[in-house]
Amino acid sequence: MTSESNLEEARSEAQLILALQDEEVAKIFFQQTMRRNLSRTVRHLDRLVKSGGDDRKLGESALERLGFSAEH
């Protein structure tokens, strides 16, 4: 299972993504892709989705904001 600290890190990332303006999302998306950290971020968000409840909604929203469906 996913540890609470991993879920907390994923929650923080999701909340930061959702707070960004569209232009900032595009810039972050590009930067993360270039640094190959996007896969780590998506894995974290997937953990939120799998954990269910409010975390699921948070993870799905952040994935959608990045252009992914929760079922990628």
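Helices are here DSSP runs of H or I with at least four residues, numbered from the N terminus. The structure described is a predicted model. Its protein chain has an average pLDDT of 87, and 94% of the residues reach a score of at least 70. Among the elements of the chain, the lowest mean pLDDT, 84, belongs to α2, and the highest, 94, to α4. Where pLDDT is low, the predicted coordinates should not be read in detail.

The largest pocket encloses about 170 Å³ of space. Its lining consists of Glu13, Leu16, Ile17, Leu20, Ile28, Phe29, Gln32, Leu38, Arg40, Thr41 and Leu66. Helices α1, α2 and α3 (38-51) each contribute at least two residues to this lining. By residue class, the lining comprises seven nonpolar, two polar and two charged residues.

Two of the lining residues, Glu13 and Thr41, were examined individually. Glu13 is located in helix α1, which spans residues 4-19. Its relative accessibility is 15%, and Glu13 therefore counts as buried, the limit for that class being under 20%. When residues up to four places away in sequence are not counted, Glu13 touches Arg40, Thr41 and His44. Thr41 is part of helix α3. With a relative accessibility of 9%, Thr41 also falls under the 20% limit and so counts as buried. The contacts of Thr41, again not counting residues up to four places away in sequence, are with Glu13, Ile17 and Gln32. Glu13 and Thr41 thus touch each other, and Ile17 and Gln32, both touched by Thr41, also belong to the pocket lining. The same holds for Arg40, which lines the pocket and is touched by Glu13.

A further lining residue, Phe29, takes part in the one aromatic pair that the structure holds. The partner of Phe29 is Phe68; the ring centres are 6.3 Å apart and the planes meet at 45°, a tilted arrangement. Because Phe29 lies in helix α2 (residues 22-34) and Phe68 in the segment after α4 (53-65), the pair ties together parts that are 39 residues apart in sequence. Both rings belong to residues of intermediate accessibility: Phe29, at 29% relative accessibility, counts as partly exposed, and Phe68, at 26%, is likewise classed as partly exposed.

Helix α4 was considered through two of its residues. Asp55 is found in this helix and, at 14% relative accessibility, counts as buried. Leaving aside neighbours within four places in sequence, Asp55 is in contact with Leu7, Arg11, Leu48 and Val49. The C-alpha atoms of Asp55 and Thr2 are separated by 12 Å, although these residues are 53 residues apart along the chain. Arg56 is likewise placed in helix α4, but at 40% relative accessibility Arg56 counts as partly exposed. With neighbours within four places in sequence left aside, Arg56 is in contact with Leu48 and Val49, both of which are also contacts of Asp55. In sequence, Arg56 and Met34 are 22 residues apart, while their C-alpha to C-alpha distance in space is 27 Å.

Definitions and conventions: Residues are numbered from 1 along each chain as its sequence is written. This is a predicted model: local features need pLDDT of at least 70, side-chain atom pairs count only at pLDDT 80 or more; totals for chains, interfaces and linings use all residues. Side-chain values use heavy atoms; hydrogens and water are left out. Buried means under 20% relative accessible area, exposed over 50%, partly exposed in between (1.4 Å probe, protein chains only). Contact means heavy atoms within 4.5 Å. Rings of Phe, Tyr and Trp (its six-membered ring) pair if their centres lie within 6.5 Å; planes under 30 degrees apart count as stacked, over 60 as edge-to-face and the rest as tilted. On a 1 Å grid over the protein atoms alone, a cavity is a set of points where a 1.4 Å probe fits but cannot get out, and a pocket is an open set with protein on both sides within 12 Å along at least five of seven lines; lining residues have an atom within 4 Å of a point. Grid points are joined across faces, edges and corners, and a volume is the space filled by probe spheres set on the points. Ala, Val, Leu, Ile, Met, Phe, Trp, Tyr, Cys and Pro count as nonpolar, Asp, Glu, Lys and Arg as charged, and the others, Gly among them, as polar. pLDDT is the predictor's confidence in each residue, from 0 to 100.
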